[in-house]
Amino acid sequence: MGARMGIKSPNYDPLDNVSSGSQYALMHRIYPKEQLIPTEHWERIVEYVSENAPESLVYDYRFPLETTSMFKPKPLVLDTTSPAFTTSIFVKGQTMKVGTVNGNLHRYDIETEQTVLHPASNSAISQISENGPQTLLLEMGKIHPHDEPKGSLSSLSKAAVKEQLLNNLQRPVFALDEDLDGDGHNEIVVCEFGNQTGKLSLFVNQGEETVKKILLSIPGSIKVIAQDMNDDGKKDLIVLTSQGTEGLWILTQQAPLVFDAQRVIPLAAVFGSSGFDLVDFNKDGLMDVAIVNGDNADLSMVTKPYHGLTLFQNMGGYQFKKIKFLAIPGATNVISSDFDQDGDIDFIVSAFFPDEDLAPGYSLIYLSNQTKNNTAFKMEYLPLSNLGKWLILTKADFDQDGDDDFAVGSFVFSAKNPSEDYLSEWGFKSPDIMLYENIYTDPMPQL
């Protein structure tokens with residue numbers, strides 16, 4: 001905090017280890033040379049924090065939890081590379097495409113259980129999607145925190161011919177390919193997460209050139225969904241941001257591709273936002289929001305009692321009311337569906353930063369809705385969830401039986417324990433993917 005206000009500290013210099021000239025100039029814009037506030041004001045801030053910070057944290061985790069019988073696990077090892085470094089999953093029908101940190105693209109046939117490998121890139125594939133016959137690959141450049149524009153978006157044909165569509169992207173983590181203005185041509189919205197800087201960008205194809213528009217000039221945009229939020233017939237954008245200016249934003253489309261941004265759910269700068277889902281969980285015609293927060297790497301790795309799943313009810317007029325919080329350490333992704341087909345919305349939450357000492361088994365949890373007002377949930381472990389470090393979570397009907405299944409992808413990394421011994425230990429037991437088949441009508445087999 002002090003460095004961003006120009007306060008000098010003998011024990012910390014944010015410009016340490018900054019080598020490139022462009023990065024040095026960037027950091028100087030973020031960390032000013034001159035103090036922005038008087039020293040006595042800074043001393044009062046330090047005194048206030050020191051006096052009011054709790055001596056210890058209080059945790060409210062429900063365990064031991066039972067193991068759910070709703071889902072049947074199927075571990076998949078796609079290649080001989082160890083440990084698992086899955087960075088993206090896309091499922092359509094009986095085909096699953098899986099991206100890795102080293103740029104490999106696996107095509108897995110769920111029915112025949114056959115895998116085909118395509119070396120598609122030399123950087124982490126952060127997202128896989130499709131546009132007709134083309135596979136779209138969003139590539140981060142470097143996966144670790146940085147601000148360099150090394151990312152790109154490319155298309156891959158069925159004949160494995162690759163064409164770059166967008167370049168110079170700043171650590172992109174999510175892309176939305178959709179016709180936003182109804183003119184028959186798709187636009188592309190990219191979450192350029194970045195690190196110290198970043199942006200939410202709109203790319204518009206204008207024939208011979210693609211024009212880039214900046215929708216949000218802040219780092220940390222994680223995910224974007226297109227949805228008409230004010231019932232005016234135009235698609236708006238719903239965006240989750242982290243990295244300091246945290247919160248959920250609605251970008252209202254006022255005119256074709258002209259957006260007005262409003263942060264409708266402000267969140268604290270230390271919240272650790274990591275994922276969200278839009279779902280009308282009280283069936284009133286308004287889209288509600290489920291947000292997970294649990295980013296617990298880089299600067300602060302203590303387990304935080306405010307990490308978990310929070311449900312916000314849409315009250316209309318862009319007003320959202322917090323109605324439920326469930327503590328889940330390191331919560332990273334959330335998907336929603338009526339998994340047990342009892343008429344209400346349930347959730348699956350994965351945690352990339354779980355705390356196995358304080359809350360064993362919390363890395364993958366099924367939350368079954370118990371009440372009509374969405375305030376009581378039964379929390380259960382997923383079987384075999386201890387076998388992976390679940391970075392990726394995606395929903396699909398793998399067996400085409402009408403109910404939702406899901407898959408998780410393992411990325412073997414620990415911010416607290418990045419040692420070779422740790423990686424070696426996990427390399428022998430972690431699958432690349434775990435498929436979870438919804439078997440709510442079938443008896444759970446013995447594992």
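User: In this predicted model, does K212 count as buried, exposed or partly exposed?
Analyst: The relative accessibility of K212 is 35%. Buried would require under 20% and exposed over 50%. Because 35% lies in between, K212 counts as partly exposed.

User: Which residues join K378 in one network of salt bridges?
Analyst: A network arises here from salt bridges that share partners. The residues it joins to K378 are E66 and E380.

User: How far apart are the closest N and O atoms of K212 and E192?
Analyst: K212 belongs to strand 14 (residues 210-216), while E192 belongs to strand 12 (residues 187-192). The pair links distant parts of the chain, 20 residues apart. Even so, K212 and E192 form a salt bridge, and their closest N and O atoms are separated by 3.0 Å.

User: Is E192 buried or exposed?
Analyst: The cut-off for buried is under 20% relative accessible area. E192 has 0% relative accessibility, so E192 counts as buried.

User: Which residue forms a salt bridge with E192 at 4.0 Å?
Analyst: Here the closest N and O atoms are 4.0 Å apart, and a salt bridge is counted within 4 Å. Both residues of this pair are buried. The partner of E192 in this salt bridge is K199.

User: How many salt bridges does the structure hold?
Analyst: One of them joins the side chains of E113 and K74, at 2.4 Å from N to O. E113 sits in the loop between strand 5 (104-109) and strand 6 (115-119), and K74 in strand 2 (residues 71-76), 39 residues away. For the structure as a whole, the number of salt bridges is 11.

User: What is the relative accessible area of K74?
Analyst: Partly exposed covers values that are neither under 20% nor over 50%. E113, with 45%, is partly exposed. K74 is partly exposed as well, with a relative accessible area of 29%.

User: Which are the edge strands of the open sheet with the order 3-4-5-6?
Analyst: Four strands form this sheet, and their pairing is antiparallel. From one strand to the next, the twist averages 20 degrees. An edge strand pairs on one side only, as is the case for strand 3 (86-92) and strand 6.

User: Which residue is the bridge partner of L105?
Analyst: Strand 5 and strand 6 run antiparallel and are joined by five bridges. The partner of L105 lies in strand 6 and is H118.

User: Which residue in the turn between strand 9 and strand 10 has a positive phi?
Analyst: Strand 9 (residues 151-156) and strand 10 (residues 162-169) pair in the antiparallel sense over five bridges. L153 stands opposite L166 of strand 10. The hairpin has five residues between the strands, and the one with a positive phi of about 65 degrees is A160.

User: How many residues lie between the strands in the hairpin of strand 21 and strand 22?
Analyst: Strand 21 (residues 308-316) and strand 22 (residues 319-327) run antiparallel, joined by eight bridges. L309 is placed opposite L326 in strand 22. G317 in this hairpin takes a positive phi near 65 degrees, and the number of residues between the strands is two.

User: Over which residues does pLDDT stay under 50?
Analyst: For the chain, the mean pLDDT is 89, and 92% of the residues reach 70 or more. One stretch stays under 50, and the model gives it 11 contacts beyond four places in sequence. That stretch is residues 443-447.

Note on methods: Residues are numbered from 1 along each chain as its sequence is written. This is a predicted model: local features need pLDDT of at least 70, side-chain atom pairs count only at pLDDT 80 or more; totals for chains, interfaces and linings use all residues. Side-chain values use heavy atoms; hydrogens and water are left out. Two strands pair if DSSP finds at least two bridges between them. Buried means under 20% relative accessible area, exposed over 50%, partly exposed in between (1.4 Å probe, protein chains only). Axes are lines fitted to C-alpha atoms, for helices over the stretch in contact, and angles run from 0 to 180 degrees between N-to-C directions. pLDDT is the predictor's confidence in each residue, from 0 to 100. Contact means heavy atoms within 4.5 Å.
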